[in-house]
Amino acid sequence: MPTELEEAITTAGAVSPLIPKSIDPLLLEYQRRYSPLLAVIPTRAWNSTQYFFNRRVSRPDSGGVVDGGARPIGNSTYEQAVFNIRLFQAVGAVTGFAQAVTRDVVGDLRQIELDGTVTSMLYTLENSFIWGSDGATANGQYPICSGLDYLVSNWTAGAGSNNYVNAIDVNSSFSLHYLDQLIDLVDTNAAMLPGSNFMLVMSPRMASAVSQAFVAQQRFTAPTTALGGGLNVPTYRDIPIIRSSFLSPRTNTMSTVATATATTGGSLAAATYYYKVSAVVARFGEIGASTEVSQVTTGTTSTVTLSFSTPTGLPDGASPILYKVYRSTSTGTESLLGTVDAFDTTGTAVTSIIDIGSNLLTNSSGNTGATGYQGTNTGALPRSSGNAAQEDIYLVPRDPNFLVRPYVRDMQILPLAPTVTSPDSLPFAVLTDSTLAVRAPKYVGRLSRVAAAL
């Protein structure tokens with residue numbers, strides 16, 4: 001005779017197909033990001049494909065004169081700058097059948113999909129505003145605007161208003177005095193002390209490191225302040241601290257890179273070239289750079305090809321949108337050579353990058369991929385990942401005179417019609433046309449390669 005327990009187990013197993021499945025109607029949002037940056041960047045409606053603006057870069061000369069003398073006529077110097085408005089788009093759909101059969105569990109499935117797509121678009125915009133490269137994607141199928149990573153770089157050469165340094169390479173663990181260095185850097189460039197009209201943008205992990213530093217230095221702790229979008233944030237020296245999920249590589253690293261060379265088609269001289277490659281991932285940011293690889297070239301017209309597989313195991317199954325190439329002629333000293341689109345002009349995923357010396361080309365078939373070759377920028381260096389992941393901290397103005405987000409259509413939902421090949425679909429598109437216009441780049445600052453030691 002079976003025991004009562006054995007009988008209960010046997011009975012449950014026998015009738016399990018007859019037991020109704022109960023599903024909790026509460027839907028868990030499993031993909032989450034901190035994306036408050038968009039809420040606090042000033043916006044401006046615009047009605048053109050490009051955002052043009054003027055700025056005065058120098059004032060008329062002046063000085064002393066002798067009695068009755070006169071100085072030469074002086075004039076201000078003006079320049080015009082432009083940012084391309086980029087179209088961001090997402091297309092989704094549910095079927096009428098799915099809408100009907102899920103109504104008792106989740107309610108309006110189409111509306112849930114719309115809400116999720118809009119949120120995903122916000123993640124995409126913030127990621128692009130930090131890591132985007134207009135030049136790298138301009139000729140491709142998925143053009144995006146340039147972000148802070150490109151616009152706030154350690155440029156030491158240039159003309160007019162671009163001839164300044166607005167980034168500091170730390171390459172060390174975080175200490176509170178680095179924030180003071182960042183503030184002083186912007187103060188020196190802009191001749192104005194950043195305050196509540198600026199914001200410090202950092203990862204949640206870095207924000208924790210700042211909070212820990214406050215414990216030992218309570219005199220620096222300022223009250224929290226309320227920003228647009230219902231944000232209530234801490235401050236440092238009256239500057240609000242904003243957290244963004246797109247600034248930490250965490251433990252994610254670029255896949256293995258292999259090298260090859262050819263003696264024709266380029267302009268690389270005979271030498272040993274050292275490379276690292278990193279990827280900018282959709283709705284995440286830049287991951288850690290690859291292990292260093294090297295290639296010996298001969299002659300004066302060589303090229304180097306860097307081959308790799310698309311990185312896998314990335315957060316939420318995301319894929320790269322850009323690749324960044326770092327190069328040097330001595331080991332361990334690579335600096336940014338350029339940024340390329342993660343898709344060539346045919347829409348094929350990039351798995352090889354060709355350094356021809358004067359440019360970067362993508363994929364060996366046709367070499368037609370759009371490039372964002374920037375020249376060697378000694379202030380932009382590869383980041384590490386892991387427990388000592390290196391991150392960036394930005395000091396960004398919230399004044400529309402210095403930084404603004406122009407938009408043509410600001411997050412518009414466009415209902416689409418079913419087609420004869422899919423008559424039961426309920427399609428839709430989410431659209432926005434926007435860009436990040438840093439009107440005064442030297443009023444923005446950046447700390448590069450800072451590690452949050454918690």
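**Sheet pairing, salt bridges and a buried arginine in a predicted model**

Four strands line up in the order S10-S14-S17-S18 to make an open sheet, and their pairing is antiparallel. At the edges sit strand S10 (257-262) and strand S18 (360-362), each with a pairing partner on one side only. Direction ignored, neighbouring strands of this sheet are turned against each other by 25° on average. The structure is a predicted model, and everything below should be read that way.

Within the sheet, strand S14 (residues 303-308) and strand S17 (residues 352-355) run antiparallel and are paired over four bridges. One of the residue pairs to look for here is Ser307 with its bridge partner in S17, Ser352. In general, strands of a sheet pair through backbone hydrogen bonds, in either a parallel or an antiparallel fashion.

Now for the charged side chains. Side chains of opposite charge can pair when their charged atoms come close. Searching the whole structure turns up 16 salt bridges. One of them joins Glu79 and Arg55, with 2.6 Å between the closest N and O atoms. Glu79 belongs to strand S3 (residues 77-84) and Arg55 to strand S2 (residues 50-58), so this pair ties together parts that lie 24 residues apart in sequence. The two partners differ in burial class: Glu79 is partly exposed, because its relative accessible area is 22%, while Arg55, at 18%, counts as buried because the cut-off is under 20%.

A second salt bridge links Lys324 and Asp149, whose closest N and O atoms are 2.8 Å apart. Here the partners come from strand S15 (residues 320-328) for Lys324 and helix H7 (residues 148-151) for Asp149, so the pair connects parts 175 residues apart in sequence. Both Lys324 and Asp149 are buried.

Glu286 and Arg383 also meet through their side chains in a salt bridge, at 2.4 Å from N to O. Glu286 is in strand S12 (residues 285-286), and Arg383 is in the loop between strand S19 (371-377) and strand S20 (390-397), so parts 97 residues apart in sequence are tied together. Glu286 has a relative accessible area of 2%, so this residue is buried. Arg383 is buried too, with a relative accessibility of 6%. The bridges do not stand alone, either: through shared partners, salt bridges join Asp149, Glu286, Lys324, Arg383, Asp392 and Arg446 into one network.

Another arginine worth a look is Arg405, placed in strand S21 (residues 403-407). Arg405 counts as buried because its relative accessibility is 6%. The Arg405 side chain makes a polar contact of 3.4 Å with the side chain of Asp410. Neighbours within four places in sequence aside, the contacts of Arg405 include Leu38, Ile41, Pro42, Thr43 and Arg44, along with Phe129, Ser434 and Thr435.

Phe129 leads on to helix H5, which covers residues 109-131. Does the helix come out at the length expected, or what span do its ends give? With 23 residues at 1.5 Å a residue, H5 should span 33 Å, and its end C-alpha atoms are 32 Å apart, so the two values agree. At the N-terminal end of H5, Asp108 acts as the cap, with a side-chain oxygen 3.3 Å from the backbone nitrogen of Arg110.

Key
Residues are numbered from 1 along each chain as its sequence is written. This is a predicted model: local features need pLDDT of at least 70, side-chain atom pairs count only at pLDDT 80 or more; totals for chains, interfaces and linings use all residues. Side-chain values use heavy atoms; hydrogens and water are left out. Helices (H or I, at least four residues) and strands (E, at least two) are DSSP runs, numbered from the N terminus. Buried means under 20% relative accessible area, exposed over 50%, partly exposed in between (1.4 Å probe, protein chains only). A polar contact is a pair of N or O atoms within 3.5 Å; within protein, one must be able to donate a hydrogen and the other to accept it, and residues adjacent in sequence count only if both atoms are side-chain atoms. Contact means heavy atoms within 4.5 Å. A salt bridge is a side-chain nitrogen of Lys or Arg within 4 Å of a carboxyl oxygen of Asp or Glu. Two strands pair if DSSP finds at least two bridges between them. Axes are lines fitted to C-alpha atoms, for helices over the stretch in contact, and angles run from 0 to 180 degrees between N-to-C directions. The expected span of a helix is 1.5 Å times one less than its number of residues.
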